[in-house]
Amino acid sequence: MKKFTFKGVLDGFRSSVSQQPRVDQEIVETLRSEHFQVAKTFRHGFPFQPTALAYDPVQHLLAIGTKSGSIRIVGRPGVDCHVMHPDSSVDPAAESLGLSGGSGSRAVIQMQFVLNEGLLLTATADDVIHLWNFKQKRPEVVHSLKFQRERITAIHLPLQSKWIHVGTERGNVHVVHLDTFTLSGYVINWNKAIEVSRKTHPGPVVHLSDNPVDASKLLIGFECGQLVLWDLRGRVAEMRWQGPEPLRSASWHHEGKQFMTSHGDGSLATWTARVSYVRPASHIYPHAKTNKDGKLEPCKPIQKMEWKSSRMGEPYVIFSGGLTYDKAGRTPSITVIHGKTTTVLEMEHNVVDFITLCESPWPSDFQDPHAIVVLLHNDVVVIDLLTPGYPCFQNPYPMDVHEAAVTCCSYLADCPSDLIPAFYSVGARSTQKRTGFSEREWPICGGEWSPASCSYNEIILTGHADGSIKFWDASAGTLQVLYKLKTAKVFEKPRPRSVDSGGGGGTSGVNGEDDPFAIQLISLCPESRRLCVAGSGGQVILFKFRRQESVSDTWVLEVPIVYEVYEEGAVGDFITPDGDFPAPARQAAVSTSRPESADGSDSKNKKGGEIGLKVRMGQQKKPPGFQAHLVCLTPWVDGHPPSPITALAINSSYGLMAYGNEVGLAIVDMVQRVCLLSVGTPDLYGAADPYQRVPRSPKQLSSGFGSTFTAISTTGESGGSGDQGKERLERWEELEEQGRCRSPSGDQINGLCVSSTAGKQNISGSTSSPRRPEAVKRSKSQDKLDSSFSRSRSSSMSSLENISSEAIQCLVFADSYTKKSEPTTSPTLWVGTSLGSVLTIMINIPAPGDSRVTQPVIVSPCGTIFRLKGGILAMSFLDCNGALIPYSYESWKDENKESRIKTPTKPSTANSRTSPSSTPTQGQSGGGSGGSGSGSWGGPQGSQGQSQDGSSGDRQFVVLVSEKQARVYALPSHSCVYRQQLAEMPFVVKAEVVSLRDSVCLVSYISNGHLAAYSLPSLRPLIDVEFLPLADLSFQTTKQGIVDPMLSIWGQQMFVNEDTDQIARTFCFSNRGHGLYICSPSEVQQFTVSSEFCASMPEMVAELFMTEEMPEAPKESFFKGLFGGGIRTLDREELFGEASGRASRSVARHIPGPCATSISGTNPSSSTPPSSSSGASSSIEGRNPSSPSTAPSQMEQLNVRAGSVSGEVWRAHQAVVERGEKLGLLEERSQRMMNEAENFSHSAHQVMLKYKDKKWYQL
């Protein structure tokens, strides 16, 4: 039953008298579920934890496999494809429960291209061999074969062969057919390969290769050093050798008479293939040194070695490792031995694998190597072998994203068109041309990609642990670095911290956040080209963009943001004679280029040495680009670091920036370079604070700020008891249910007026905080406790009766309403806290011109409060028609030319319907339209949220999103018109209001791995699909490695109540439905929720496979063919086919490809599905909400049948092609036999003529 109140009756009476009848106007929401499709689009960066490497010398493509099971196939710049192996180690039921073996079970251990066939073979750690087909734009798994009894250790596919040799851990070698992925009955057992006299097991097979000139001879290398040359026709071991040390790799000479092996003791051995000697023909230690005793020093193992011949000179011997164990030999290296010259190429990271690029793919021909591709742990290096000194090629791929750990990201889709050229121009001038690189063209040039025309630009900003910010052009699916900004150059180089220094300094984390320069937050105004950056040392830097170099000072402000609550009667020296406490400090320090001691780095109250940041003073030379204009420092207190910056906002139209940390808020005037407000979060409430603050022990007030604090007497009772706190909370919840907020009167919270002076600025004001004194000392351990408590995912706010800290989590500048009776909008700052409170601050800005520079800006906390469950994540404003209100900005102007450069408005803003109330001149007309549109706010949710005190005059909506729920309030009536519960047990990690298809929607990423979207303003659910498990991003959290043993039994469920602040900083939503996140420490993954963009993806995707002619095979010499020394072929079909018998079914199990299992969730019969991608990544998941996971099984069966039919058609096509190839080979063989028969007939005829007329005694 509706509750009647006296105020409600009066409001209803007023509305019935003064309200004029209006025609209801519906807010038309154009977004539907079919407009959404979630798909991963492009992946950029270096593959994390690489494990394997492969190269196709005909297609000129490079493949990199990783520990997580992903594969990156790259070619020419722009050709970059990413796919992921399916996890076949568990059954679907176990996988649905989160009991999979993890990404480590899919680690790629070996890869090999099927040359010029558009196929790729991979072997993974879960003992599965996969066959990938990349003839279409999105590679797919055609077949998989799971070995059930033996572990796979090596695979080998001879050139132009259809049979794969698979070596296992038990020492056996199996044979698999390439087309059908069926196991042959031909098996080489380890006990038949080794000598009869050997009493021990030879170990796993580590090497397999066929003789370059005799395909019937297979070289098998065992881990113990045993080498066997197996005769495939005779099924016997033709030759056996025993290496001196454990075997690591082997390589044939192109003539097939010798091969070379590398061993674990750093030695190279050369063996003669036709003589079974006990000892090798040569045995050398390339890097061994003789010690004082005349013995060779021990060397590191040579992990891999390749022996390549050249027509023009001596052969090349290339290997990794082999250096001595002394200090000089600890550096990873690649060694090139060419003739008598030995060159050691030192690498920056550990060598994972390498491949030599050769001109000829035929192993029986001269290889003529021209480059080496070295896969390092954190980089890919290509070495030029044809240029003296072996220089490296300059890598054209964006694989240096992880040059320093990424700590935050910002994504600007649909940005101004002149922004990318401006960044590129200053980046090209500031970057000196790198020398020492090869002048030859990049050798990996496979595939084809043409830049697709895109109607809008995209920019990605990445903040790093070393204080640098990189600007990337991400348009059309590519990634190109534009400009790099180093914020550390603003400060002097900090001294090394002592081990016993107090506080430790900075925020520690797994991503290098203990560096005081680590970037925490980035706020860029693209129209005015002003950049605001927050670092982990508590510093906030304002940059202005300039095209030319300049010499100027950097202004510095010290802004202490602290708050403390004391126990009643235990304040000691802080009690004034009247018994009152000092008011909470709102203090800003000197805003001038002052002496060095004024920046707070030499304060006497610090302990453990100099641990603060110190800005470079005096005139500084600043390069073109973003130049530091203002630095705000948060001072240390008693040797303890400041709280990290948790929120940041900038508005170029107001000329203001605001930032907050775990205890308070600061507002800074960028024009006058003064601090307007520095206040603890509880003081923003005034008398309406619903929380009982946890008292703490008092600490001596520090005087290290270089300024004085003013003690203001307060009135009222001292801090209330727990019962009083409960009463205030109950009263607050009652107001919440009524959909209204409490607005304290003017005598409760007074505005704060700031006047700038030449030296020091004082901020005066009063507060109604009930006898809560403030101290500036914060305990580090207490901060951690407060942070974990405030991030509690409790769905009930009643548990938060006693609060110790309240962090600022969201800040938004907007032209909005602060009071219910306001006819027009005014500049405001909306503040969202970690406890779910939303407060507003009214801003009075002088008129533009000289008065803006001379007159002070007045900021007044209004006390207008909304409350939601969970911390506030996002706030946005809509007009009366439901369109996004564009933020106000000031266009950028070149200060050197003193002329304004018109920067076009964001296309997304132009496409949106501009709010009539966004400008004061149209406020009244906006109110009229808002009144006519308010009649349609009803419905099931809107009707119960409307209030009766003036919703008819509302002209704005404000969308408030917390970790648990979202609400839409009408302004200025403050009535809740729509509400939606976003999460119950889980919580929202990231949420944003974005533009899509000329409309707006709310997109959120939830901790259960789902991605959800809601229409605005009605908050109607549009999609809710499974997207990304939060555990996959746990590498970014500060609690990595600290796992409860009781939770580890649940697999990925152990990621419970984790700290997600770092994940939220690197997870971004942007306009047009785009988004990105850091998928690994070295990779950036883009995604989209727009079905329209998914439909246009095939045009942006590169072609991997191109039709190329196979190079001509080497011609046989006449004498080699005559005397039997030429290349010997092998009919493998007859040897390994049906005649070999049937293999045991228990050895391996065939797994159908994606055509039958639908790995990606899309129709596999389509060669270019909407979710496919290349140029940076290949989408693995593409989910359309119009076909949810609960679709009927008939659709799944239809997909399986369609996939099976397409698979059978593909097999039939391959069979026809194979039959044609065999017929061609048969014709060539017949022609060769005919030529040989003619030659033999001619030779016989010549011999007959020679001896025809001779007598027997003349012979």
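**Exercise 1.** Determine which residue of β19 is the bridge partner of A250 in this predicted model, and establish how the two strands pair.

*Solution.* Step 1: locate A250, whose bridge partner in β19 is T261. Step 2: extend the view to the strands themselves; β18 and β19, the latter covering residues 258-263, are paired in the antiparallel sense over 5 bridges.

**Exercise 2.** Explain why one side of β18 and of β21 has no neighbour in the sheet.

*Solution.* Step 1: write down the strand order, which is β18-β19-β20-β21 in an open sheet of 4 strands with antiparallel pairing. Step 2: consider the edges, where β18 (247-252) and β21 (282-284) stand; each has a single partner strand, so one side of each lacks a neighbour in the sheet. Step 3: add the geometry; on average, neighbouring strands of this sheet are turned by 20° against each other, direction ignored.

**Exercise 3.** Describe the surroundings of strand β24 (residues 333-338): which strands does β24 pair with, and how many of its residues are buried?

*Solution.* Step 1: take β23 (residues 316-321), which runs antiparallel to β24 and is joined to it by 5 bridges; here S320 stands opposite I334. Step 2: turn to β25 (residues 341-346), also antiparallel to β24, with 6 bridges between them; I337 stands opposite T342. Step 3: inspect the connection between β24 and β25, a hairpin with 2 residues between the strands, where G339 in the turn has a positive phi of about 70°. Step 4: assess the burial of β24, in which 5 of the 6 residues are buried. For the protein as a whole, buried residues make up 55% of 1259.

Conventions
Residues numbered from 1 in each chain as written. Predicted model: local features only at pLDDT ≥ 70, side-chain atom pairs only at ≥ 80, totals over all residues. Heavy atoms only, no water. Buried < 20%, exposed > 50% of the residue type's maximum accessible area, 1.4 Å probe, protein only. Pairing = 2+ DSSP bridges. Axes fitted to C-alpha atoms, helices over the stretch in contact; angles between N-to-C directions.
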